[in-house]
Amino acid sequence: MASQANCVRITRLAKKRAAEAMVQHLQQPTKKRVVLAEIQDLGINQIDDKVFDSMPLKPKCKQTTKRKLKSSVSEKEKEVDVVANLDNDPQMCSAYVSDIYDYLHQMEIEKKRRPLPDYVEKVQKDVTANMRGVLVDWLVEVAEEYKLLSDTLYLTVSYIDRFLSVSVIPRQRLQLLGVSSMLIAAKYEEISPPHVDDFCYITDDTFTKKDVVKMEADVLKCLKFEMGNPTTKTFIKRFTRVAQEDYKNPDLQLEFLGHYLAELSLLDYNCVKFLPSLVAAAVIFLSRFTLQPKSHPWSLAFQRCSGYRAADLKECVLIIHDLQLSRRGSSLGAVRDKYKLHKFKCVSTLSSPPEIPDSFFEDTRQ
């Protein structure tokens with residue numbers, strides 16, 4: 001009986017101590033989580049463990065005062081300053097954004113990451129440019145059906161073009177190449193990619209699971225497992241920010257219009273020869289022309305940021321302009337239908353002047 005009473009007292013004492021500990025814990029101020037993306041003004045050498053322990057959730061930063069430019073400051077310095085200000089965004093990695101894009105520009109020109117500009121004529125025997133366009137148009141619908149990222153779509157088309165540059169396939173297996181490439185791209189980009197069965201189903205079970213997996217392996221081996229490479233989407237975000245240099249708030253219409261025109265460029269085989277960064281620059285050029293047709297769509301800031309003069313973009317701009325006006329690829333409607341939706345500001349319904357003045361492709365001096 002005595003031992004039982006002692007056990008009861010010990011249990012009650014343990015419960016009392018646990019309750020007191022809980023009260024003390026609740027009374028202690030909880031540490032706020034740090035949003036690292038919001039740390040702007042601290043250099044990397046100034047940050048230590050104490051800073052992270054005491055940092056408030058939204059640290060107050062000193063407001064940066066804009067430099068007053070004297071009239072003697074050159075236009076070149078003004079343009080460079082504009083780009084620098086636009087890069088002052090922690091999510092854009094302003095401390096090393098130039099190094100990142102220099103690396104991406106070097107990567108995009110690597111031979112192993114580039115398709116042949118004329119692979120349909122030199123490599124393929126049964127596949128035509130029109131067939132490629134129909135396939136890409138269908139893949140846009142597939143990406144929408146499974147709610148895939150646009151990055152997945154761009155990578156898919158890149159894999160297709162690179163594979164077709166070195167491997168001959170019959171037209172009956174072109175759709176198989178498309179779904180297998182999208183499967184790889186989805187695994188690379190998506191958090192929850194569709195399953196192999198989903199891609200079999202979307203082809204109306206034309207191909208078996210074994211067929212898709214076999215083609216997936218063939219694509220991986222053909223591309224030597226070099227799956228990560230820059231696409232047009234990679235460069236559009238930075239170029240769009242420069243395009244909005246005069247805007248107080250982000251212009252969603254300009255942003256969506258750029259994405260619309262970029263996806264249109266995927267449909268046309270003639271755009272395969274252009275580097276992704278050049279296509280992105282051409283898209284921004286045409287987007288600005290569409291929204292403000294009387295203003296020059298290019299500037300020194302664009303030229304320095306992208307590395308392209310307006311004259312360098314002419315051929316690509318004219319091709320995408322024809323796509324926008326349905327003078328090319330008029331039967332391919334998936335991208336146009338997608339961007340008719342209100343969530344994309346109905347940008348595919350925007351009209352563009354039928355001709356772009358030649359003066360807009362001359363060297364910019366303003």
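How many nonpolar, polar and charged residues does the lining of the largest cavity have? I shall begin with that question and then turn to the rest of the protein. Please bear in mind throughout that this is a predicted model.

The answer is that the lining has 11 nonpolar, 5 polar and 6 charged residues. The cavity itself holds about 320 Å³ of space. Of its 22 lining residues, those closest to the centre are R114, D161, T232, L266 and P276. Three helices each contribute at least two residues to this lining: α7, which spans 150-164, α12, which spans 252-267, and α13, which spans 276-291. Among the contributors, α7 gives the most, with 4 residues. In the structure as a whole there are 3 cavities of 30 Å³ or more.

Let me now describe the overall architecture. The protein contains 16 helices and 0 strands. It has 366 residues, and 43% of them count as buried. Its exposed surface comes to about 21500 Å², of which carbon and sulfur atoms supply 52%.

We may also ask how the contacts are distributed along the sequence. If we take the contacts in the protein with a separation of 6 or more, residues 24 or more positions apart account for 78% of them.

One residue gives us a concrete example of a contact between separate parts of the sequence. Where does Y146 lie? Its place is in the loop between α6, residues 129-145, and α7. This tyrosine is partly exposed, with a relative accessible area of 23%. Leaving aside neighbours within four places in sequence, Y146 is in contact with P194, D198, Y201 and I202. For one of these partners, D198, the separation is 52 residues in sequence, while the C-alpha to C-alpha distance to Y146 is 9.0 Å.

I turn next to the backbone, and to two residues that have a positive phi although neither is a glycine. The residue D205 has a phi of about 55 degrees. It is found in the loop between α9, residues 196-202, and α10, residues 209-222. With a relative accessible area of 55%, D205 is exposed, because the cut-off for that class is over 50%. The other residue, K345, has a phi of about 60 degrees. It is located in the segment after α16, which covers 334-338. Is K345 buried, partly exposed or exposed? At 42% relative accessibility, K345 counts as partly exposed.

Finally, I should like to consider the cysteines. How many disulfides does a search of the whole structure find? The search finds 0. For C316, the nearest cysteine sulfur is that of C271, at 4.9 Å, and C316 is in no disulfide. The reasoning is short: a disulfide requires two cysteine sulfur atoms within 2.5 Å, so a distance of 4.9 Å does not qualify. As for their surroundings, C316 has 0% relative accessibility and therefore counts as buried. C222, by contrast, is partly exposed, with a relative accessible area of 23%.

To close, I return to the opening question. The lining of the largest cavity is made up of 11 nonpolar, 5 polar and 6 charged residues, and α7 gives the most to it. These features belong to a predicted model of a protein with 16 helices and 0 strands. Thank you for your attention.

Definitions and conventions:
Residues are numbered from 1 along each chain as its sequence is written. This is a predicted model: local features need pLDDT of at least 70, side-chain atom pairs count only at pLDDT 80 or more; totals for chains, interfaces and linings use all residues. Side-chain values use heavy atoms; hydrogens and water are left out. Buried means under 20% relative accessible area, exposed over 50%, partly exposed in between (1.4 Å probe, protein chains only). On a 1 Å grid over the protein atoms alone, a cavity is a set of points where a 1.4 Å probe fits but cannot get out, and a pocket is an open set with protein on both sides within 12 Å along at least five of seven lines; lining residues have an atom within 4 Å of a point. Grid points are joined across faces, edges and corners, and a volume is the space filled by probe spheres set on the points. Ala, Val, Leu, Ile, Met, Phe, Trp, Tyr, Cys and Pro count as nonpolar, Asp, Glu, Lys and Arg as charged, and the others, Gly among them, as polar. Contact means heavy atoms within 4.5 Å. Accessible areas come from the Shrake-Rupley method with a 1.4 Å probe; for residues, only the protein chains shown count as cover.
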